[in-house]
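Visitor: Could you walk me through this protein, one question at a time?
Guide: Gladly! Here it is.

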Amino acid sequence: MQSVGTAKEREIAIIVGIVRPGQERSVIDENLDELELLADTAGAVVVERVVQDRHRLDPAFMLGRGKVEELAKMTKYLDADLIIFDDDLSPAQAKNIESLCGNKILDRSGLILDIFARNARTREARTQVELAQLNYLLPRLTRQWTHLSRQVGGIGVRGPGETQLEVDRRLVRRRIGVLERELEKIATQRANRRKNRSHVFKAALVGYTNVGKSTILNTLTNAQVLVEDRLFATLDSTIRGFELSDHRRILLIDTVGFIRKLPHHLIASFKSTLEEAVNADLLLHVIDITSHNLREQMDTVDSVLEELKINDKPILKVFNKIDALEDKSVLTELRASEQPCVFISAERGIFMNEFREKIRALVTAQVRQMTVTLPMHATKALSQLHDLADITSIEYQDSTVIIRLKASIDNADRISRLVVLNAEG
Ligand SMILES: Nc1nc2c(ncn2[C@@H]2O[C@H](COP(=O)(O)OP(=O)(O)OP(=O)(O)O)[C@@H](O)[C@H]2O)c(=O)[nH]1
Ligand SMILES: [Mg+2]
């Protein structure tokens, strides 16, 4: 979408990063590389990078006032449409910088929201994005936040929330209420659907954006999920059946990717989509092994999993894109420190059998809690149970024994058969 008043195909952007005391310049450069990719995904061309060392963030301007004045000159000279900060700006900072520079000011969160708005397809995703956008924009909808009322469209002001931007805060609040109720309804529908498949083992693909989660789903299940060398190609969860080598069927779930500084509003709004991962029995944490920020990306994913309170689930680390890895020495290091893990190329189909086998082993190793009832005289079956499971409690009732136990999934199948065989006496 084009911004009103310009005939430019893509908006021209300047990006800004800040080096704080103790931070490595190289880390900031990598963050800006990622911000540039985000800007590109949103449809902007980055023509200039500004990096400033700062001990203290200025409460009014984030950068020093002098630096912002420099930015204003640069904006005119380069005819830039927007300035994007890697750090989150307070509504006041954004407003102050905007009034000095005279163009649109965005931060990383605003940019990510814009991309989500762009990529949202289903009713659920669109509702979730609009809610996150409005929550983000609400404190920014002031008289002085002029570009919102001046312009329609363009990066930072488009998507499902677009039509809401010109109305006042009271109406925005009302709309937020409507969206929240709608999401509750969607969440209930999802929960009902989930109930129907609650007995089936579920593995969820989680990970940083653009690491190859959807490619893995497509390769393993012949799903036709969109794969793109773009950030946040996937915003909805897709669930497909998948047959393991022992013919057990499980469900594989692809869902939205994570990124550094994923806006909190987004995580909150995407709760019902992420709920699919929350309810999984196994997490497949996919990592792009060619990334320069491998560790940081893994840490980001870990902290989102923590925020979702699912970091205690069994996790298999799936290092993808090994076909594109130049320095193979990291393999040894990662193999030693990141067990359980696999190294694959989903696109080239390398080591996919090992991957399938690892999933099978982890599924089989899962422990299931069961309660079974046997006739009192089935003493042989009872002793077999002791071999197959950890017995948690035994209760005698009339002529039956009620046993609570924990068993591996394989043994749980055997136990079910044993119970059926002994049911008649
Ligand atoms: N070289 C190489 N590229 C891969 C491999 N797997 C995926 N890719 C590429 O990585 C990019 C992202 O792939 P996706 O499957 O869309 O990644 P995703 O994790 O689902 O990304 P989002 O949904 O955007 O979060 C695409 O350009 C893929 O072609 C691989 O094994 N090797
Ligand atoms: Mg995807």
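Guide: A term to begin with: two strands pair if DSSP finds at least two bridges between them. Helices (H or I, at least four residues) and strands (E, at least two) are themselves DSSP runs, numbered from the N terminus. This is a predicted model, in which local features need pLDDT of at least 70 and side-chain atom pairs count only at pLDDT 80 or more, while totals for chains, interfaces and linings use all residues. Residues are numbered from 1 along each chain as its sequence is written, and chains are lettered from A and ligands numbered from 1 in the order in which they are written.

Visitor: In what order do the strands of the open sheet of 6 strands lie?
Guide: Its edge strands are β6 (238-243) and β10, each pairing on one side only. The pairing within the sheet is mixed, and the order is β6-β7-β5-β8-β9-β10.

Visitor: How many bridges join β8 to β9?
Guide: Ile 287 has Phe 319 in β9 as its bridge partner. The strands β8 and β9 run parallel, and the number of bridges joining them is 6.

Visitor: Which strands does helix α11 touch where it packs on the sheet?
Guide: Directions come from axes, which are lines fitted to C-alpha atoms (for helices over the stretch in contact), with angles from 0 to 180 degrees between N-to-C directions. Contact means that the C-beta atoms of two residues, placed from the backbone, lie within 7 Å. Helix α11 (residues 294-307) makes about 155 degrees with the direction of β8, and the strands touched are β5 and β8.

Visitor: At what angle does α13 run to β9?
Guide: Helix α13 lies across β5, β7, β8, β9 and β10. Its angle to β9 is about 175 degrees.

Visitor: What span should helix α13 have?
Guide: The expected span of a helix is 1.5 Å times one less than its number of residues. Helix α13 (residues 352-365) has 14 residues, and its end C-alpha atoms are 20 Å apart, which agrees with the expected 20 Å.

Visitor: Why are the buried residues Phe 355, Ile 359 and Val 363 on the same side of α13?
Guide: A residue is buried if 20 or more other C-beta atoms lie within 10 Å of its own, exposed if 12 or fewer, and partly exposed in between, with C-beta atoms placed from the backbone. Phe 355, Ile 359 and Val 363 of α13 are buried. They sit on the same side of α13 because the arc they cover around the axis, taken from the directions from the helix axis to the C-beta atoms, is only 70 degrees.

Visitor: And which residues are exposed on the other side of α13?
Guide: The buried residues of α13 pack against several elements, including β5 (202-207), β7 (249-254) and α15. On the other side, the exposed residues are Asn 353, Glu 354 and Ala 361.

Visitor: What is the order of the open sheet formed by 3 strands?
Guide: The edge strands are β11 (367-375) and β12 (390-397), each pairing on one side only. The pairing is antiparallel, and the order is β11-β13-β12.

Visitor: Which residue in β13 stands opposite Asp 390?
Guide: Strand β12 pairs with β13 (residues 400-408) in the antiparallel sense over 7 bridges. Opposite Asp 390 in β13 stands Lys 406.

Visitor: Is Met 62 buried or exposed?
Guide: Met 62 is found in the loop between β2 (44-53) and α2 (65-78). Its phi is near 65 degrees, a positive value in a residue other than glycine. With 24 other C-beta atoms within 10 Å, Met 62 is buried.

Visitor: Where is the peptide bond that is cis?
Guide: Look at the loop between α12 (329-337) and β10, where Pro 340 lies. The cis bond, with omega near -10 degrees, goes from Gln 339 to Pro 340.

Visitor: Which residues have the most contacts inside the largest nonpolar core?
Guide: A nonpolar core is a set of buried Ala, Val, Leu, Ile, Met, Phe, Trp, Tyr and Cys residues joined through C-beta atoms within 7 Å. Phe 116 touches Val 129, Phe 232, Leu 235 and Leu 266, not counting residues up to four places away in sequence. The largest core has 85 residues, and those with the most contacts inside it are Ile 84 and Phe 116.
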